[in-house]
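Colleague: Please take a close look at the side-chain pairs in this model, aromatic and charged. I would like to know which parts of the chain they join and how far they are covered, with a word on the ligand site at the end.

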Amino acid sequence: MEQTFLMVKPDGVQRNLTGEIVNRFERKGFKLVGAKLMQISDELAKTHYGEHEDKPFFGELVGFITSGPVLAMVWEGENVIATARNMMGKTNPLEAAPGTIRGDYGVTVGKNIIHGSDSPESAQKEINLFFNDNEILSYSKQDSEWVY
Ligand code: DAT
Ligand code: MG
């Protein structure tokens, strides 16, 4: 089954949105298989956002993502990578549709509440970057026969 890396950013944690965000993915029918509250180091932030290192906002981005605790998670389900991106909404909350997480709770692109992997390749890379194998659980959930 497909897995993706999702993370409630420091603004989402500070604004008491962690429960709301977990709730959305849980109710959708996806399965939480890994989670930890953590403070990201400068080094981890730079690796995670490496693709943006030449962008003008890179320094601000690294500063922001290391500024407070984040909730790092691995979610599992059919097409979870693309579906989670749809549920998050566009990067800029101005363009994110109402009903999406960024559309409902975000105001600026710099503080847009949540991160989610954008492809199978980045999902694999990001899961490995944030989690050890033994931190990702394999278990069956009783609702699966009603979701699939
Ligand atoms: P996403 O998080 O939707 O995958 P991205 O990978 O293009 O978006 O950018 C990573 C993060 O960088 C994004 O969530 C917020 C920040 N960011 C992107 N574009 C920005 C901009 N023009 N100004 C400030 N921050 C920006
Ligand atoms: Mg991205």
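Modeller: The aromatic pairs come first, then the salt bridges, then the ligand and a few surface details. The model is a predicted one, and every value below is computed from it.

A pair of aromatic rings is described by the distance between the centres and the angle between the planes. The whole structure holds 3 aromatic pairs. In one of them, F5 and F131 meet edge-to-face, with centres 6.4 Å apart and planes at 70°. F5 belongs to strand β1, whereas F131 sits in the loop between α7 (120-130) and α8 (144-147), so that this contact joins distant parts of the chain, 126 residues apart. Both F5 and F131 are buried. Another pair, F25 with W75, is tilted, at 5.8 Å centre to centre and 45° between the planes. F25 comes from helix α2 and W75 from strand β3, and 50 residues separate them along the chain. F25 and W75 are likewise both buried. Ring pairs also bring F130 in, giving a cluster of F5, F130 and F131.

The salt bridges number 6. One lies within helix α2: R24 and E20 have their closest N and O atoms 2.8 Å apart. R24 and E20 are 4 residues apart in that helix, which means a separation of about one helical turn. With a relative accessible area of 19%, R24 falls under the 20% limit and is therefore buried. E20, at 26%, counts as partly exposed. The two residues also belong to a salt-bridge network, which links E20, R24 and D104.

Strand β2 takes part in two further bridges. K31 pairs with E76, with 3.7 Å between the closest N and O atoms. Because K31 is in strand β2 (residues 31-38) and E76 in strand β3, the pair ties together parts 45 residues apart in sequence. Both K31 and E76 are buried. K36 bridges to E135, and here the closest N and O atoms are 2.9 Å apart. K36 lies in strand β2 and E135 in the loop between α7 and α8, so this bridge spans 99 residues of sequence. E135 is partly exposed at 28%, and K36 is also partly exposed, at 23%.

Now the ligand site. Ligand 1 is surrounded by K9, Y49, H52, F57, L61, R85, T91, R102, V109 and N112. A polar side-chain atom of K9 is 2.9 Å from an oxygen atom of the ligand. R85 places a side-chain N or O atom 2.8 Å from a ligand oxygen, and for R102 the corresponding distance is 3.0 Å. On its own the ligand has 520 Å² of accessible area, of which the protein covers 76%.

Three details remain at or towards the surface. N16, in the loop between α1 (10-14) and α2 (18-28), has a positive phi of about 60° without being a glycine. N16 is exposed, at 66% relative accessible area. N79 has a positive phi of about 55° and is not a glycine either; the loop between β3 (70-76) and α5 (80-88) contains N79, which is partly exposed at 48%. Finally, M1, V147 and Y148 make up a nonpolar surface patch with about 320 Å² of accessible area together. M1 precedes β1 (3-8) and is exposed, at 60% relative accessibility.

Note on methods: Residues numbered from 1 in each chain as written. Chains lettered and ligands numbered in written order. Predicted model: local features only at pLDDT ≥ 70, side-chain atom pairs only at ≥ 80, totals over all residues. Heavy atoms only, no water. Patch = residues over 30% accessible without salt bridge, like charges linked within 9 Å, V, L, I, M, F, W, Y side chains within 5 Å. Areas by Shrake-Rupley, 256 points an atom, 1.4 Å probe, with all protein chains shown as cover. Salt bridge = Lys/Arg side-chain N within 4 Å of Asp/Glu carboxyl O. Helix = DSSP H or I, 4+ residues; strand = E, 2+ residues; numbered from the N terminus. Buried < 20%, exposed > 50% of the residue type's maximum accessible area, 1.4 Å probe, protein only. Near = heavy atom within 4 Å. Polar contact = N/O pair within 3.5 Å; in protein donor to acceptor, adjacent residues only side chain to side chain. Phe/Tyr/Trp six-rings, centres within 6.5 Å; stacked < 30°, edge-to-face > 60°.
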